[in-house]
Amino acid sequence: MTATKNWLKASWDAGRGMLRPVTGRPHESEDKMSAPVMVPIRSLGPSYRERITAHLLRLEPADRYLRFGYAANDEQIRRYADQLDFNRDEIFGIYNRRLELIAMAHLAFSEHPEYKHCAEFGVSVLKQARGRGFGARLFERAVMHARNEGVNMVFIHALSENTAMLKIARNAGAQVRRDGSESEAYLQIAPASLDTRMAELVEQQFAEVDYQLKRQAKQFWDFLASVQEVRSGVQHARHQSAE
């Protein structure tokens, strides 16, 4: 455990200077920018499709409406999750201590030849995880990955009433165009650099170690709970036999 903590500290010290939001405004000086807060954001593959589905199904009706632009029912959400293309797109997730997916983002890369350098961003955060900046951090993580993949524009299509999502885009410096009930946000991003590539590598390693530690901790507590359950059963049996 000590070695793991030392590794995490070394990784953080090595990457902290590169983990400032890559979407920050260019005229902000470093001393005015707040210190970055590292949030373990993990890339999700096809084996996590069921967890992604479970996360989306936990969204309340109003959140489903804002996330998908319509009142998505359970069947439509399952269809969306089943059609996720993990080879083309990138899915990012944030877990809590119980390994529940509490926030996730979908970075969809365009298949159209004329827009091959564009990607669309979508995000969802469970109600109990709001107010922690997870949506903004997922956006920063997605933009960093998009830069490293050669994308020069990230856009968000959202309902105009989705003020939280549009605020994230505006704070990142995106241009927002409103067309009645819907809005489009466009963020022009710079080419990849050594800093962005190293920062993404550090974040990937940090998120992986964080996930494995949470998984081991959960297994340990689940084991203790099962032991306690067995002990309670034995004690109950003894009391019954004594009677």
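This text walks through the strands, the nonpolar core and the ring contacts of the structure. The model is predicted.

Start with strand S1, residues 42–44. S1 pairs with S2 in the antiparallel sense, over three bridges. One residue to look at here is Arg42, whose bridge partner in S2 is Gly93. Gly93 also stands opposite Met104 in S3. That second contact belongs to the pairing of S2 and S3, which is antiparallel and has six bridges.

Now look at S2 itself. Strand S2 covers residues 90–95, and six of the six are buried, so the strand is largely enclosed by the rest of the structure. In a regular strand, side chains alternate between the two faces of the sheet. Which residues of S2 are buried on each side? Glu90, Phe92 and Ile94 are buried on one side, and Ile91, Gly93 and Tyr95 on the other. Both faces of S2 are therefore covered.

Follow the chain onward from S2. S2 and S3 form a hairpin with five residues between the strands. In this hairpin, Leu99 takes a positive phi near 60 degrees.

S3 spans residues 101–109 and runs antiparallel to S4, with seven bridges joining the two. One pair of opposite residues is Ala108 and Glu120, the latter in S4. S4, residues 118–125, is mostly covered: seven of its eight residues are buried.

On to S5. S4 and S5 (residues 153–159) pair in the parallel sense, over three bridges. Here Ala119 stands opposite Val154 in S5. The chain goes from S4 to S5 by way of helix H5, residues 134–148. This β-α-β crossover is right-handed.

Next comes the interior. The largest nonpolar core has 51 residues. Which residues have the most contacts inside it? They are Ile52, Phe121, Leu138 and Phe139. Strand S3 gives the most to this core, with seven residues. Take Ile52 as a starting point. Leaving out residues up to four places away in sequence, Ile52 touches Leu44, Leu84, Phe86, Ile91, Leu101 and Met104. Two of these names have come up before: Ile91 is a buried residue of S2, and Met104 is the S3 residue opposite Gly93.

The rings come next. A search of the whole structure finds six aromatic pairs. One of them is Phe121 with Phe139, in an edge-to-face arrangement. The ring centres are 5.0 Å apart, with 75 degrees between the planes. This pair links distant parts of the chain, as Phe121 lies in strand S4 and Phe139 in helix H5, 18 residues apart. Are the two residues buried or exposed? Phe121 has 3% relative accessibility, so it counts as buried. Phe139 is buried too, with a relative accessible area of 2%. The cut-off for buried is under 20%.

A further group of rings involves tyrosines. Tyr48, Tyr95 and Tyr211 form one aromatic cluster. Tyr95 is one of the buried residues of S2. Tyr211 also meets a charge: the charged end of Arg42 sits over its ring, 3.8 Å from the centre. Arg42 is thus seen in two roles, as bridge partner of Gly93 and as the charge over Tyr211. Elsewhere, Arg67 lies over the face of Phe68, at 5.1 Å from the ring centre.

Definitions and conventions: Residues numbered from 1 in each chain as written. Predicted model: local features only at pLDDT ≥ 70, side-chain atom pairs only at ≥ 80, totals over all residues. Heavy atoms only, no water. Buried < 20%, exposed > 50% of the residue type's maximum accessible area, 1.4 Å probe, protein only. Helix = DSSP H or I, 4+ residues; strand = E, 2+ residues; numbered from the N terminus. Pairing = 2+ DSSP bridges. Right-handed = clockwise from strand over helix to strand, strands pointing away. Core = buried A, V, L, I, M, F, W, Y, C linked by side-chain atoms within 4.5 Å. Contact = heavy atoms within 4.5 Å. Phe/Tyr/Trp six-rings, centres within 6.5 Å; stacked < 30°, edge-to-face > 60°. Lys NZ or Arg CZ within 6 Å of the ring centre and 35° of its normal.
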